[in-house]
Structure formats: structure tokens, C-alpha cells
Amino acid sequence: MKNKNSEKKRNRSQRLGLAVLAVTALLMLTFSACSEGGSTELENSGFESGSGASIDGWSQYNYKKDYEGNTDCTQITLTSMEFSGQCVRIVSQDQNDARIYQEIQVQPESNYCVKFDTLYENIDADVPETERGAGLNVSVKDGLERSGSLYGSVSEWQTVTVYFKTVADQKSVELTIGIGGYGAESSGTAYIDNVRIEKVDSVPEGEVAFSAAVSSSGGQDAPSASIWMKLLFLLLAGGVIAFVIVVSLKADKENAAKNNPLSQKNPLLNKKDFIILIVLVVVCSVMSFYKLGNAYAASSYWKASEAGEYVIVEFDQTETVARTVYSNNIPANNNAVSYTVYYETEDGSGEYESVFSIKAGAFFEWEHVDSSFTTRRVKIVSTRSGLGVNEMGFFRKNDSGEYEKLNVTVAETSYNKELNENHNPAMLFDEQDTVEPYSSYMSSTYFDEIYFPRTAYEHIHGYPVYEITHPPMGKILMSIGIRIFGMNPFGWRFMGTLFGVALVPLMYLLGLKLFKKRIYAFTAAFLMMFDFMRLAQTRLATIDSYSAFFILCMYYFMYDYFSQKSYEKKPFWKSLLPLLFCGIMFGLGASTKWVCLYAGVGLAFLFFLAKYLEADDIASGRALPANKEKSWFTHNFIPTCCACVVFFIVIPAAIYILSYIPYMAPSPDKSLIDIVLDNQTYMFNYHSGLTEGHPYGSAWYTWPINMRPIYYYSGSNANLAEGMSTSIVSMGNPLIWWTGLACIFPAAFYAWKKRDKGILVAFVGYAAQFLPWILVTRVAFIYHYFTAVPFMIFMIVYVIKNLIEDGVISKHVLWIYLALVLVLFIMFYPVLTGREVSRSYIDNFLRWFSTWSF
Ligand SMILES: [Ca+2]
Ligand SMILES: [Ca+2]
């Protein structure tokens, strides 16, 4: 009776929740209807209200600050000028996209005239005309077009007039004025005052109106999920919660009625298990580490400290250079030319002619330039400070068209010994054996490796931190591999691949607890091992490998707590051990990636459900606590909850805060707590504003069906023979993912029918890792499903186990299924690991759908 009542209560509260949502939606609709047709009045158009960096009515966009954490480049502040009281001043020392903006109401398909007064200085003054950014301009936020640009300086206040045209259905725009534009950064100073906007019937002859159309995906704050998505989330999450509660209650009751033990016994590992584990780890390691990346790379670099530093190198004789390659270290925080490469002309005049220039470019990625020149001497001259270049190499082409590396000798440098070694231009030519004419994932970073290994490297050296959109733990772990193997592709990928391998024995161990039989534990580990995404995702040096591992560990320990009765443990503290380990894993996970916080919701649910079931056991007389005289509530529940505060809040918070230690070296003036708090604010804003589309982005509901694999690497600079191809793509093994999708309801059916508590942990894990994405409106990728995959695999194994035990299928079916999974894995292995295969093989055998582009 008691349970029915609590269910009724729950239903009531759910209904209440829905009613509140419905009323809120209605209010929002009414409100938006009222606000239609508002004025185009600008608030604080003369900038008289506000002071310093807080400008009433206006928001600021500052690319370098918002996305790179660089607060030094640009200042946007109010200042007083004789012209007309206060005005806004934008100062960008370096190339940036920095603007102020304000939302205004507009009418669709109308013309608007914007006027403002301005005084500006040195806009892109030192930048060659062809490399100038957007200059001082007017646009709308996320707009596809902008007004004309102003460059240089003026000595008197000017009034600028521009026009724009709204498009169909456009009811509001965010009007922006500033220096630079998206992908067109500029530097300089601008004073802006008295912004006026009015609707005009037509654009005067000779004037051009830019379109106010915005990119469809926008870059504004992410819209919240639609009401339908919220309802769907509530329905699915509520369904899983209700299901897990009901099944676990029934399981305990019926087990007690049958005099079965209420605590699940974990099988002990024996020699056979160890042999299986060793074989799994060896096989998985071989295929995961095979050709992971070169264990060498050029890493000693030249970073000019000012313009005019140079190095001259000499070939053994006059040569015709056909290809020049170079690899950059940490890019400068601007995209301007940092070095110019010259060659000595052959006329004996000793004069040099420029061939190409080097800009910021990608981190540890070999780039090539195919400008041909004939010379004996090459001179590289810095044009500004900031960019480190690891190494440079030259190739000639022989008669059969192959590249041959040219021997170079450093003839002369501007090296000033008082500067540190990184400023020695000769470092550009000290690792010539790493120089290769072609580049591939074996020698260069690919996909998001420009972020994570770079930051791991920065942590090691105490440099300013670049990748700050996730907490530091993943990069700290990655840096261990770099410390062991050096700053090279193998080094920066090693730890992630190792954690990816560790997922396999972990699946075996948790599988053994869940299913009690070796064969099913093996099946779970086998499916994990031969899932495509495990391989592709953990060979790439991002941080998803770590978060997947920690999440699985959390559930591994919480399973013990959920499936065993703490009141049966003697002494009491032993019952707390799984919680302690779970909490540590939670701390490590949360300080790697916020996605692990979803797991925390699942863990909390399992914990409180376990405690509720224990309370129910005792209230209903199903079980007696270890010490009858002491009440369960005061001697078990309260102390356990206190311990959980330590395990799930204090310890994780300590791990989380300490993980920021690598941030301290580059910011010696800031306290660790300030560093942590600043980064939390930044991450929150970043993730809630991340709505830009991405060609390989995909919606949550397409993940289980494997619709949109993400293409990481296409081998564009590799040395491919005619008709050959090399790719790295992250996707699921269709035979695992599709089977998994098909197994969710059968697994629920069996869990219900057999009153099976253990598998409920997999349902909670799957729901906690997958369902939150329904509410997430930022761009997401198929790899966000990765942390849910282990739980889906457990559901597959659970269904197979029950089908076999019920005599529906024989074990042969299982072996055939595993064999087919393996066959698919072997077929796809080349495109998961960047092996060279013929294009026609990929097109004919692997691209089953047009959305599978690789
Ligand atoms: Ca003013
Ligand atoms: Ca070097």
C-alpha cells in the first residue's frame, strides 16, 4: 500500500510539473506577442549611462577574451571626450574581433539607416592591405554580411552612415559596432558615440545596404530546449526512474519471500578470469597501439622575441627547392605574418627575394609550401614576436618526381645569447631527421588535437593555458604520456589509448558482477573491445577516453552499494568503501569533463534508492540490521549520508580544485580559488553559448542509429598512391549499436520478469549519460554518446543471456553474433585507424549510407 501511495504522489507531482510548464509556455507566448512591433529606439545611444567597462544597454563581444581567455588584447570602456560627453572606446592592441551590440526590434524586409559619430586611430595600420580584417564596421551579430570598413586614422570626429536591409520574418537584430569581424580580425582604436538608427523607405542611390540575414545556427546564447523536448525528457527520465524503483522494490520483496539473500554476492576472480583478462588486454593493446603515431617529433623551436631576427641556411650546392615544410609550436594569438622566408637570388648580387610567409597556423602539424625557387641560401626573418616554429625542411624533386630532403647547414643567425634558448633561430634546423615531405596523423596533430595536447604541453612547461573549456584533469593525465614518451604523437595519445584499453577489462569485471558468469562477462568485454568508437575515440588525443573510463568506474563501485545491503556489512565502515571509491572516481571524472556530472545524478539516484530499499527492508521486517538494538536510521543512514558528503562533495571538490594547479605557474598573481572560480564562469558561459553549427554535428536521436559518423582525418597531406585513401572516422559498430537499440525494451522486459536488480544499474547509467542530451541545445556530436555505450552493451549481453537461459536461442547464436561483430570490425579497421586502403573498397563496402562520409 505504502508504495502505491508514494507512486500516486509522484504522479501528482509530475502532473503538477507539466501544468507549470504549460502555464509558463502560455505566458511566454503572450509576452512575445506583446513585444512585437516595438520601437527601434536604442538604449543609451549617447553612452552617458554607465562607467568603465559597464555600458548600460550594451553588451560586449570580444573574441580573444571570450574564446581564448586573453584579456590583454582588447579593452572596451566608456571614456569622456570633449565631443559629446561620454563615448565608448575600443582599443585592440592586436588583431581581434571586438564589438559592442544591442538588440533592437525591426520589421522584416525593411531598410534601416544607422549613423554614429566616431574618431579612430591606426585601424589595421601596420597590416598590409591584402591581409586587413574587417576594420571599423557595423554589422548585426552572427550576420552573414557587414558594412564597408574604415581603416587608418582620422583626426576629427566624423559621422558615419551605413544602411542594412532586414530579411523575411526578421523581427529583431543585434546591432553591432566595433573593430574586426568574424574571421576578419583587426587592430586599432575607435571612439564611438551617438548611435542612431531609423527605418528608411529606400536606400539612397550610390549607397549599399548590407543584408541583416544571420547564419541559421547563430552564435547567440543557446535557446532552451523546446517544450516537446522537455516533455519527452520528463517522460523518458520519469519512466526509467519509475521502472527502476518498482523493479528493485519487487525484487527485494520477492527475494525476501523466497528466503533468497537480499545482498548479491560478487563472484570471486580465479585463475581463468586472470587468463581471460590478460588475453583481452594484450589483444586490445596490440590493435589499439598499433601505428598510434610517431614516437618522435620536432619540438625544439625558435620563437622570435622581436621583428628582424633571422637565420640563414646553406645547401651543399645550388638547389631547386620544390617543397618546404615546417611545423609550428604554440601559435601566436594573432593570425598575422610572423616570419618571411627569402632565398638568395642567383645573380650574385647577394640580394634576397621573398617566397612565402608563416602565420600562426596549427600546433605541431607539419605544413607544406610548394613554391619552387633555385638558390644556395635561404633566409628566414621574423616580422613580429610570439610564434614558435619547431622545425623547417627543404625538398627537391628528383627525376622520378620523388621528394629528396636537402641537407642544410646553419650559416648565420641573429642569435643573442642573452635571450633564452627558445629564441635561438638555429633551433629551426636542429631536428632534420624528423623532417618528412608528407604529413599524416602519424607525424601531426589531427582534429581536436590542436587543443588538448597543446594544453597538456602548456601544463608541463607552465605556459598560459589554452584549452579552458573543460576542467584540467584530462590534460594532466595526457601530460603523463608526454613526460614519458616526449612531445610527439605517440606521447600525447598514449594515456588516452591506455584508458581506452582499460575499458575492456573493466567491462569484464563489471560484467562478471552483473551476470555472474564468465561467458557473459567475456561477451561484454568483447563487444567493448570491438566497438568502432572505443578504438577511434581513444586513439585520438581528446579527453573522452578518460571521462568514459571514470564514469564506468563510478558505476562499477555504485553497483556494489546498490546490490548489497549495507546493514549486513560488519563492521559498518566496510559498507562505505564502495562509496569512497565511487566518490574518488566521481572527482576524477568531474575534473576531466562536465559530462561526468550527469553520471553524478545517476549515482545519487542509485544511492538514495538503495537507502530507501534498506529502510523499507527494515520497516517491513524483511531484514534485521546487524545490531538489533541500534536503529538503522541513526546508526546507518545518518553516518552514511555524512560520509557521502565527504566522499561526493569534499573529496571531489578537493580533486577538482587541485587539478587547477597547472594554471598557477602562468598566473602567479592569482589564488588557486580565484583561478578555479574564473574558469567555472568561463566554462559555463562557453558551453551555454555554443550553438554554432558544425558539418559533423548531429542531434542526440541520430546517435543510437549511427547516422552521422564524425570524420576526424582525411589524410589530405599524406603521400597516397593513385586511388588510395586514408581516413579516421568515429562511429559505432552497427552490429553493436543497432542491436543495443533493439535490446532496450527486451532488457526492460527481462528485468521486470526476473525481478533483476543488478541490470537496473545499466538502465540508470544509460539514461543518465544519454537523456540529458535531449535538453542540450548546443551543437553535439556522435561521440557524446560514447559514455552511454558501455551501459548499452550490458543490455545487449543481458538480453542474450536471458534468451539463452530461457532456451530461446542456443549459445551458437552468441558465437555467431560475436563473430559477425568481429568481421565488421576487421572490415572497418582501416577507416578507424587511418590505414591506407583503396578508395573503391571504402565506397563499395563501407559507405552503407550517404550520411556516412569518410
Ligand atoms: Ca556621448
Ligand atoms: Ca627544432
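# A tour of salt bridges, cores and calcium sites

Start by selecting Asp-560, which counts as buried at 12% relative accessibility. The model on screen is a predicted one. Show the side chain of Asp-560 together with that of Lys-513: the two form a salt bridge, with 2.7 Å from N to O. Colour helix α10, which holds Asp-560, and helix α7 (residues 489-515), which holds Lys-513; the pair therefore ties together parts that are 47 residues apart in sequence. Is Lys-513 buried or exposed? Lys-513 has 8% relative accessibility, so it counts as buried, the limit for that word being under 20%.

## A salt-bridge network

Next, select Asp-252, Lys-565, Asp-616, Asp-617, Arg-622 and Lys-757 as one group. Salt bridges with shared partners join these six names into one network. Within the group, zoom in on Lys-565 and Asp-252, whose side chains meet in a salt bridge at 2.4 Å from N to O. Which parts of the chain does this pair link? Lys-565 sits in the loop between α10 (544-563) and α11 (577-590), while Asp-252 is in helix α3 (residues 227-257), and 313 residues separate them. Both Lys-565 and Asp-252 are buried.

## A third pair

Move to Arg-323 and Asp-370, another salt bridge between side chains, with N to O at 2.8 Å. Arg-323 belongs to strand β15, and Asp-370 to the loop between β18 (366-369) and β19 (373-382); the two are distant parts of the chain, 47 residues apart. The partners fall into separate exposure classes: Arg-323 counts as buried because its relative accessibility is 7%, whereas Asp-370, with a relative accessible area of 42%, is partly exposed. If you want to look for further pairs, the whole structure has 27 salt bridges. As background, side chains of opposite charge can pair when their charged atoms come close.

## Two serines among the strands

Now follow strand β15 (323-328) to its end and into the loop that runs to β16 (339-344); Ser-338 lies in this loop. Ser-338 counts as buried because its relative accessibility is 0%. Show what surrounds Ser-338: beyond residues up to four places away in sequence, Ser-338 touches Ile-358, Val-381, Ser-382, Thr-383, Arg-384 and Leu-387.

From there, select Ser-357, found in strand β17 (residues 352-358). Is Ser-357 buried or partly exposed? Ser-357 counts as partly exposed because its relative accessibility is 32%. Its contacts, apart from neighbours within four places in sequence, are Val-337, Tyr-339 and Thr-340. For a distance check in the viewer, use the C-alpha atoms of Ser-357 and Ile-380: they are 9.1 Å apart, with the two positions 23 residues apart along the chain.

## The nonpolar cores

Switch to the nonpolar side chains. The largest nonpolar core has 163 residues, and the members that touch the most others are Leu-527, Met-554, Tyr-555, Phe-794, Phe-828 and Phe-854. This core lies between domain 2 (227-293 + 462-846) and domain 3 (302-440), because both give residues to it. Pick Leu-527 and display its surroundings: neighbours within four places in sequence aside, Leu-527 is in contact with Ile-736, Ile-793, Ile-796, Val-797, Tyr-817, Leu-818 and Val-821. For a second, separate core, select Leu-78, Val-88, Ile-90 and Leu-175, which are among its 37 residues. In general, nonpolar side chains of soluble globular proteins tend to be buried together.

## The calcium ions

Select the calcium ion (ligand 1). Which protein atoms are its donors? They are O of Gly-46, OE of Glu-48, O of Ser-84, O of Gln-86 and two OD donors from Asp-193, at 2.2 to 2.6 Å from the ion. The six donor atoms of ligand 1 make angles of 52 to 157°, and the site is irregular. Along the sequence, the donor residues of ligand 1 have the spacing G-x1-E-x35-S-x1-Q-x106-D. Gly-46 has a relative accessible area of 15% and so is buried, while Glu-48, at 47% relative accessibility, counts as partly exposed.

Finish at the calcium ion (ligand 2). Its protein donors, at 2.3 to 2.6 Å, are Ser-300 (O), Ser-300 (OG), Asn-390 (O), Glu-391 (OE), Met-427 (O), Asp-430 (OD) and Glu-431 (OE). The spacing of the ligand 2 donors along the chain is S-x89-N-E-x35-M-x2-D-E. Asn-390 and Glu-391 are both buried.

How values were computed. Residues are numbered from 1 along each chain as its sequence is written. Chains are lettered from A and ligands numbered from 1 in the order in which they are written. This is a predicted model: local features need pLDDT of at least 70, side-chain atom pairs count only at pLDDT 80 or more; totals for chains, interfaces and linings use all residues. Side-chain values use heavy atoms; hydrogens and water are left out. A nonpolar core is a set of buried Ala, Val, Leu, Ile, Met, Phe, Trp, Tyr and Cys residues joined through side-chain atoms within 4.5 Å. Buried means under 20% relative accessible area, exposed over 50%, partly exposed in between (1.4 Å probe, protein chains only). Domain bounds come from an automatic or database domain assignment. Contact means heavy atoms within 4.5 Å. Helices (H or I, at least four residues) and strands (E, at least two) are DSSP runs, numbered from the N terminus. A salt bridge is a side-chain nitrogen of Lys or Arg within 4 Å of a carboxyl oxygen of Asp or Glu. Donors are N, O and S atoms within 2.8 Å of the metal (3.2 Å for Na, K and Ca); water is not among the atoms, so sites may look incomplete. Four donors count as tetrahedral if all angles lie between 85 and 135 degrees; four count as square planar and six as octahedral if opposite donors are over 155 degrees apart and all others between 65 and 115; anything else is irregular.
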